[in-house]
Protein chains: 2
Amino acid sequence: MVTVDISLSLDGFVAGPNQTVEQPLGEGGEQLHQWIFGLASWRERHGEPGGERNADDEVLRESVDATGAVVMGRHMFSGGSGPWEDDPTADGWWGDDPPFGVPVFILTHHARETVTKRNGTSYTFVTDGPQAAVALARKAAGDRNVAVAGGANVVVQCLDAGLVDEMQLHVVPLLLGDGVRLFGGLETQRALDTIRVAHSPTVIHLKYRVAK
Amino acid sequence: MVTVDISLSLDGFVAGPNQTVEQPLGEGGEQLHQWIFGLASWRERHGEPGGERNADDEVLRESVDATGAVVMGRHMFSGGSGPWEDDPTADGWWGDDPPFGVPVFILTHHARETVTKRNGTSYTFVTDGPQAAVALARKAAGDRNVAVAGGANVVVQCLDAGLVDEMQLHVVPLLLGDGVRLFGGLETQRALDTIRVAHSPTVIHLKYRVAK
């Protein structure tokens, strides 16, 4: 199964305005991911004890446990748009201990050798489009899911190609006003079925099945 | 208190693409309001018995009971954008038995006499901006709320002016792809507090307090 799992503001932005190297999520955009960092399942993955065990933690844990491979765009890999985004040697902003723990397939225009990191994370660079990346990720994921992690344009391409089975949006109570929209250029209207609604004071998790 | 209460697609549209006289909510847009028509509280207001009594019905009833006056833009009054939208004599598309039951204040550039309809609905035309319309609506509402009903540009103007206390979005599980965005041109970032999340299979109701 192919899933989308992404945090966005109530007004639909996955990053705020004026992205820079220092502020790759734009003005206010870092608030979109604050709900994750204190959770027990996040801390476990980073080898740290403790953390909150609440509805958010259950949602994150379920999603992480179910994911066998990740697909992402080159901007998300390299750290947002900016002058470095087309540097084919850039090693991403995820560091030596990236949080994925599974094979990651990166959509790019630059062919590169696969890079292996710690804890099961590897980076494979795919130059022939989202369908090819999803096909490779399916093989790598085995029985588990392929998670399309972003950016927004990759999510929209996968939705338009009919590749997405389930979509979970983590809606943060914030109006960013401007920035990178998740749904900026979707070409086909699509019905959804609500699978689950979960929430805490800081985020609402909306999970849908996507009609094919 | 000033509230916003509006239905939108998961991708943020309050109307679909290609609005026409025959299809004022655009392609697919009529699906945004389907959740309302079978509910007991909606039927009661239209003098009809029966209807569903579920979470959606409770949300709608609460909202309607709390509303003492409505503010809307001239497009919403006249029936979407189109060649007739600037006709200063157009009587709206809400007919002789409109569903409001309270005074309605319409933002327009054309001064007109107030029109009185049945069941407590009246139309007052306000030419000096959203703050003036909200001030008049507050007086008319007494102890009850002023509901900013739309369109999107009126909601955004009221948010930017800091006039909105609470916002309830009725999110319909649908990707419309294009059309009229609710949050198209917000100028200020704003934090929200989640008040309540309610849902049925056909719609999710997200209620927030808006930080001033």
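Two strands pair if DSSP finds at least two bridges between them; helices (H or I, at least four residues) and strands (E, at least two) are DSSP runs, numbered from the N terminus. The model is predicted, and local features need pLDDT of at least 70, side-chain atom pairs count only at pLDDT 80 or more, and totals for chains, interfaces and linings use all residues. Residues are numbered from 1 along each chain as its sequence is written, while chains are lettered from A and ligands numbered from 1 in the order in which they are written.

**Figure 1. An open sheet of 10 strands includes one strand of chain A and nine further members from chain B, as its order shows.** The order is β9(A)-β11(B)-β12(B)-β8(B)-β1(B)-β7(B)-β3(B)-β4(B)-β6(B)-β5(B), and the pairing is mixed. β9 of chain A and β5 (115–116) of chain B stand at the edges with a single partner strand each, so one side of each is left without a neighbour in the sheet. Strands of a sheet pair through backbone hydrogen bonds, either parallel or antiparallel. β9(A) and strand β11 (residues 190–200) of chain B run antiparallel and are joined by two bridges. L175(A) stands opposite R190(B) in β11(B). Within chain B, strand β8 (residues 166–172) and strand β12 (residues 203–210) pair in the antiparallel sense over six bridges. There, L169(B) has L206(B) of β12(B) as its bridge partner.

**Figure 2. A second open sheet of 10 strands ends in β9(B).** Its order is β5(A)-β6(A)-β4(A)-β3(A)-β7(A)-β1(A)-β8(A)-β12(A)-β11(A)-β9(B), with mixed pairing. The edge strands, β5 (115–116) of chain A and β9 (174–175) of chain B, each pair on one side only. Two bridges join β5(A) to strand β6 (residues 122–126) of chain A, and these strands run antiparallel. Y123(A) in β6(A) is the bridge partner of V115(A).

**Figure 3. Helices α3 and α5 of chain A lie against strands of chain A.** Contact means that the C-beta atoms of two residues, placed from the backbone, lie within 7 Å. Axes are lines fitted to C-alpha atoms, for helices over the stretch in contact, and angles run from 0 to 180 degrees between N-to-C directions. Helix α3 (residues 55–66) of chain A touches β1 (2–9), β3 (67–73), β7 (145–150), β8 (166–172), β11 and β12 of chain A, and its direction makes about 130° with that of β11(A). Helix α5 (residues 129–141) of chain A lies across β1, β3, β4 (103–107), β6 and β7 of chain A, running at about 160° to β3(A).

**Figure 4. Helix α6 of chain B is largely enclosed by the rest of the structure.** A residue is buried if 20 or more other C-beta atoms lie within 10 Å of its own, exposed if 12 or fewer, and partly exposed in between; C-beta atoms are placed from the backbone. The buried residues of α6(B) include V154(B), V155(B), V156(B) and L159(B). α6(B) lies across β1, β3, β4 (103–107), β7 and β11 of chain B, and runs at about 135° to β7(B). G162(B), which follows α6(B), has a positive phi, near 70°.

**Figure 5. D65(B) is an exposed residue of chain B.** D65(B) is found in helix α3 of chain B and has 11 other C-beta atoms within 10 Å. N145(B) is 80 residues from D65(B) along the chain, yet their C-alpha atoms are separated by 9.2 Å. Helix α3 (residues 55–66) of chain B lies across strands of chain B, among them β1 (2–9) and β3 (67–73), and runs at about 130° to β11(B).

**Figure 6. Chains A and B meet through a contact that takes 25 residues from each.** β11(A) gives the most to the side of chain A that touches chain B, with seven residues. The residues of this side divide into 14 nonpolar, seven polar and four charged; Ala, Val, Leu, Ile, Met, Phe, Trp, Tyr, Cys and Pro count as nonpolar, Asp, Glu, Lys and Arg as charged, and the others, Gly among them, as polar. A rotation of 180° with 0.0 Å of shift along its axis superposes chain A on chain B (RMSD 0.0 Å), and the two copies are thus related as by a two-fold rotation axis. The superposition is by least squares on the C-alpha atoms of residues with pLDDT of at least 70 in both copies. Among the residues of chain A, G12(A) comes closest to this axis, at 3.4 Å (C-alpha).
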